[in-house]
Amino acid sequence: MNRITRVWFLGLLLVATAGLRAEVKLPSIISDHMALLRAEQTPIWGKADPGERVAVSLNGATVETIAGEDGQWRVSLNLADSPEGPFEMTVSGKNTLTIRDVVVGEVWLASGQSNMEQMMLSQNPEEAATAVNPMLRQFIAIKQMSLEAGEDVGGFWLRVEPGQTDTMSAVGYFFSKSIHEKTMRPVGLIKAAWGGRNIESFISPEAHDSVEDFKASRKKALENLS
């Protein structure tokens, strides 16, 4: 089963990164070449010292907040009328981080199995080798298995250009290309697909356990892991 879903906030299913104290830190998805959703409330989040003041600046506008007792912080940027960029975004606390080549437009999540995961290199090598469109990007989420929700999903952003398009989702690429042609906006796609995984792997434990047969199978699987 494959699914492409519009992401109404960039951090869908992704929470702030874990890290050592004393420096402002960002999750992997908030990094160079990222795409932000053009919306009234687009979140940026991360970690810092408890009580540390954090400022996020983009295209001449700055939003500030205070990190909570657990070091978590979050702000919302009003990007409803933002130009497409590219921009540099700075995140400042005791240290300053600069995120380069940031565009504002559409952001979508592409999840599923092998059909969604199949790469451009195998599906359309000619286009992968020649396509150039800096307004199209994909975040390649690194595969990780865990019995609990993590604080970050490792990965990196790639732009559509020779040498970077090979590992992108082919379905995601052509979907993004179509959306861009219709809207003329930048399109960022989050590739979170894993071939051969059962659908149960993508269901929360609470939802899974609401079906008695699924609950029994999950209990057995956990016992086998222990």
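Helices (H or I, at least four residues) and strands (E, at least two) are DSSP runs, numbered from the N terminus. The model is predicted, so local features need pLDDT of at least 70 and side-chain atom pairs count only at pLDDT 80 or more, while totals for chains, interfaces and linings use all residues. Residues are numbered from 1 along each chain as its sequence is written, and side-chain values use heavy atoms, with hydrogens and water left out.

**The whole chain**

Begin with the entire protein chain in view. The chain has six helices and eleven strands. Of its 226 residues, 39% count as buried; buried means under 20% relative accessible area, exposed means over 50%, and partly exposed lies in between (1.4 Å probe, protein chains only). Among contacts with a separation of 6 or more, 69% are between residues 24 or more positions apart, where contact means heavy atoms within 4.5 Å. The chain exposes about 12,100 Å², of which carbon and sulfur atoms supply 52%. Accessible areas come from the Shrake-Rupley method with a 1.4 Å probe, and for residues only the protein chains shown count as cover.

**First stop: Leu189**

Select Leu189, which is found in strand S11. This residue is buried, with a relative accessible area of 0%. Next, display the residues that Leu189 touches, not counting those up to four places away in sequence: Trp108, Ala110, Arg137, Gln138, Phe139, Trp157, Gly172, Phe175 and Ser176. One of them, Gly172, is 17 residues from Leu189 in sequence, and the two C-alpha atoms are 6.9 Å apart in space.

**Second stop: an aromatic pair**

Keep Trp108 and Phe175 on screen, since both are touched by Leu189. The structure holds three aromatic pairs. Rings of Phe, Tyr and Trp (its six-membered ring) pair if their centres lie within 6.5 Å; planes under 30 degrees apart count as stacked, over 60 as edge-to-face and the rest as tilted. Trp108 and Phe175 form an edge-to-face pair, at 5.0 Å centre to centre and with 80° between the planes. This pair links distant parts of the chain, for Trp108 is in strand S8 (residues 96-112) and Phe175 is in helix H4 (residues 170-183), 67 residues apart. Trp108 is buried at a relative accessible area of 16%, whereas Phe175 counts as partly exposed at 23%.

**Third stop: salt bridges**

The structure holds nine salt bridges, a salt bridge being a side-chain nitrogen of Lys or Arg within 4 Å of a carboxyl oxygen of Asp or Glu. Select Asp101 and Arg159, whose side chains meet in a salt bridge (3.3 Å, N to O). Asp101 lies in strand S8 and Arg159 in strand S10 (residues 155-160), so the pair ties together parts that are 58 residues apart in sequence. Asp101 counts as buried at 15% relative accessibility, and Arg159 as partly exposed at 22%.

Move along strand S8 to Glu106, which forms a salt bridge with Arg185, the closest N and O atoms being 3.4 Å apart. Glu106 lies in strand S8 and Arg185 in the loop between H4 and S11, so this pair ties together parts 79 residues apart in sequence. Glu106 is buried at 6% relative accessibility, and Arg185 is partly exposed at 31%. Now add Arg137 and Glu161 to the selection: salt bridges that share partners join Asp101, Arg137, Arg159 and Glu161 into one network.

Turn next to Lys94 and Asp49, a salt bridge in which the closest N and O atoms are 2.5 Å apart. The pair links distant parts of the chain: Lys94 is in the loop between strand S7 (87-92) and S8, and Asp49 is in the loop between strand S3 (42-47) and strand S4 (53-58), 45 residues apart. Lys94 counts as exposed at 60% relative accessibility, whereas Asp49 is buried at 12%.

**Fourth stop: Val24**

Keep Lys94 displayed and select Val24, which lies in the loop between strand S1 (3-6) and strand S2 (35-37). Val24 counts as buried at 2% relative accessibility. Leaving aside neighbours within four places in sequence, Val24 is in contact with residues including Lys47, Val54, Trp73, Ser92, Lys94 and Leu97. Val24 and Ser92 are 68 residues apart in sequence and 7.1 Å apart in space, C-alpha to C-alpha.

**Last stop: a surface patch**

Finally, show the surface of Ile199, Phe202 and Ile203, which make a nonpolar patch of about 240 Å². Patches are made of residues with over 30% relative accessible area and no salt bridge: like charges are joined within 9 Å, nonpolar side chains (Val, Leu, Ile, Met, Phe, Trp, Tyr) within 5 Å. Ile199 is found in the loop between strand S11 (187-193) and helix H5 (205-209), and is partly exposed at a relative accessible area of 39%.
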